[in-house]
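I set out to record how the ligand is held and how two of the helices pack. My entries follow the structure shown here.

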Amino acid sequence: MSGHLTGKNIAVTGAGNGIGRGIALACAAEGANVVVADYGVSLDGHDPSSEVADAVVAEITAAGGTAVAVAGDVSRMEVGQQIIDTAVDNWGSIDGVVCVAGIVRERMLFNMSEEEFDDVVAVHLKGHFTLYRAASAVMRKQESGGSLLGFTSGAFVASTAQANYSAAKGGVVSLTRSAAFALRRYGINANCIAPTAMTRMSENVPFEIEAGAPEDIAPLAVYLLSDAAREITAQTYTCTGSRIAVWNQPVEVREMTANTDGVFTVDEIAERLPVSIGHEEMPMFADLERRMKEMAEQKAAEEASS
Ligand SMILES: NC(=O)c1ccc[n+]([C@@H]2O[C@H](COP(=O)([O-])OP(=O)(O)OC[C@H]3O[C@@H](n4cnc5c(N)ncnc54)[C@H](O)[C@@H]3O)[C@@H](O)[C@H]2O)c1
C-alpha cells in the first residue's frame, strides 16, 4: 500500500485498538495525516486512559507518518468538535472521518438496564453524529468535499442478546444514508462498513464467525476514503478481510390498496394481506435455529465427555 491518501487529513475514532488501529496505521502509511481518537476504555466502556491513543500515535510517528492523539469520549459534542478542530488547526482541513469507536453491554432485552441501553447507543450512534456534524460543517465549505465512513455491524439486522447494539448499528446505517442523501451536493460521500475481525470485541461471540485480522478491514476503508471512491455513496459493505459484499437498499417490495372508501378496515386487511402482500421472511431466524442446535449439541457432547 502507498500513496492512496497522500495529502489528506483523516480522523479515526476507536483508533487505539482493533479495527480502528489498523485503519489509522493504514491511513498514515497511505500518506494521510491522522487524528488518532480513542478514549482508551474497556470493552464495556469503563476505565478511560489516554495511553491507548498515544501508543498508536507513537507507532505512526516511528514509521515516519504524522499523527496527533485525542483521548476523549466521542459521544460528547465537544469531543467530536475537538477531533475535527485538531485536524483543521494542525493541517488546514478535514478530508475524511472514520467512526470506529464502540463498546458492548450484552444482556437479554427483558433484563437490560436503561444505562446499558443509553451508553451503547451513545457511543455508537451519537458517536457518529458528533463527528459527522462537526466534520460536515467544515467539509461543505471545502472545495474538495470529504468522506464520512461509519462502522455498523451485521447485527444491525437483529441480535438476540444485544438489542442496544443492534439498534445503535441500525441507527448508524440510517444516519450515514441521510448524510449521503443530504451532503452529495457538497461533494461529501458517506458509507458504512459492517466488519468482522478477530478483536477483543468478537472473541466472546458464542458461535463461529467469518473473520480475519483487524488490519484486514483497512484496505476497504482506505479505498472508500480515497478519490477513487468519490462517486460511491449511501452504501453499506460487509467486510471480513477476504470477502466484501454490498447490502441492498431498503425498498417496499409489494403493495395493496384499499377497496372500500379508500381506507382499510381491519377485516379487509385480515382477508387480503396474507394472500396479497404476505410478509418477508427474516433469514436470521433460520441462522438462529441452526446456531441453537449446534450449541445444544456441543453442550451435550461436553457433558457426555466429562
Ligand atoms: N470485531 C468485529 O468482529 C466487529 C463486528 C461488527 C462490528 N464491529 C464494529 O467495529 C468497530 C470496531 O470494533 P473492534 O472489534 O475493533 O473493537 P475494539 O474494542 O477492539 O476497539 C474499540 C475501540 O473504541 C474505543 N472506544 C470505546 N468507547 C469510546 C468512546 N466513547 N470514545 C472514544 N473511543 C471509544 C475503545 O477504547 C477501543 O480502542 C466497532 O464499532 C464495532 O461495533 C466489529
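Entry 1, the ligand shell. I looked up which residues surround the ligand and found 29 of them. The closest are D38, D73, Y165, T199 and R200. I note that the model is a predicted one.

Entry 2, composition of the shell. I sorted the shell around the ligand by class and obtained 13 nonpolar, twelve polar and four charged residues. I then asked which helices each supply at least two residues of this shell. They are α1, spanning 18-29, α4, spanning 114-139, and α5, spanning 163-183.

Entry 3, polar contacts. I found a nitrogen atom of the ligand 2.8 Å from an N or O atom in the side chain of D73. For R200, I recorded a polar side-chain atom 2.8 Å from an oxygen atom of the ligand. At G102 the partner is a backbone N or O atom, which lies 3.4 Å from an oxygen atom of the ligand.

Entry 4, cover. How much of the ligand's accessible area does the protein cover? On its own the ligand has 830 Å² of accessible area, and I noted that the protein covers 97% of it.

Entry 5, helix packing. I turned to α1 again, as one of the helices that supply residues to the shell, and looked up its geometry with α6, residues 218-225. The two axes come within 9 Å and cross at roughly 55°. I therefore recorded α1 as oblique to α6. As to handedness, I entered the crossing of α1 and α6 as right-handed.

How values were computed. Residues numbered from 1 in each chain as written. Predicted model: local features only at pLDDT ≥ 70, side-chain atom pairs only at ≥ 80, totals over all residues. Heavy atoms only, no water. Near = heavy atom within 4 Å. Polar contact = N/O pair within 3.5 Å; in protein donor to acceptor, adjacent residues only side chain to side chain. Areas by Shrake-Rupley, 256 points an atom, 1.4 Å probe, with all protein chains shown as cover. Helix = DSSP H or I, 4+ residues; strand = E, 2+ residues; numbered from the N terminus. Nonpolar A, V, L, I, M, F, W, Y, C, P; charged D, E, K, R; others polar. Axes fitted to C-alpha atoms, helices over the stretch in contact; angles between N-to-C directions. Parallel < 35°, antiparallel > 145°, perpendicular 65-115°, else oblique. Left-handed = near helix turned anticlockwise from the far one by under 90°.
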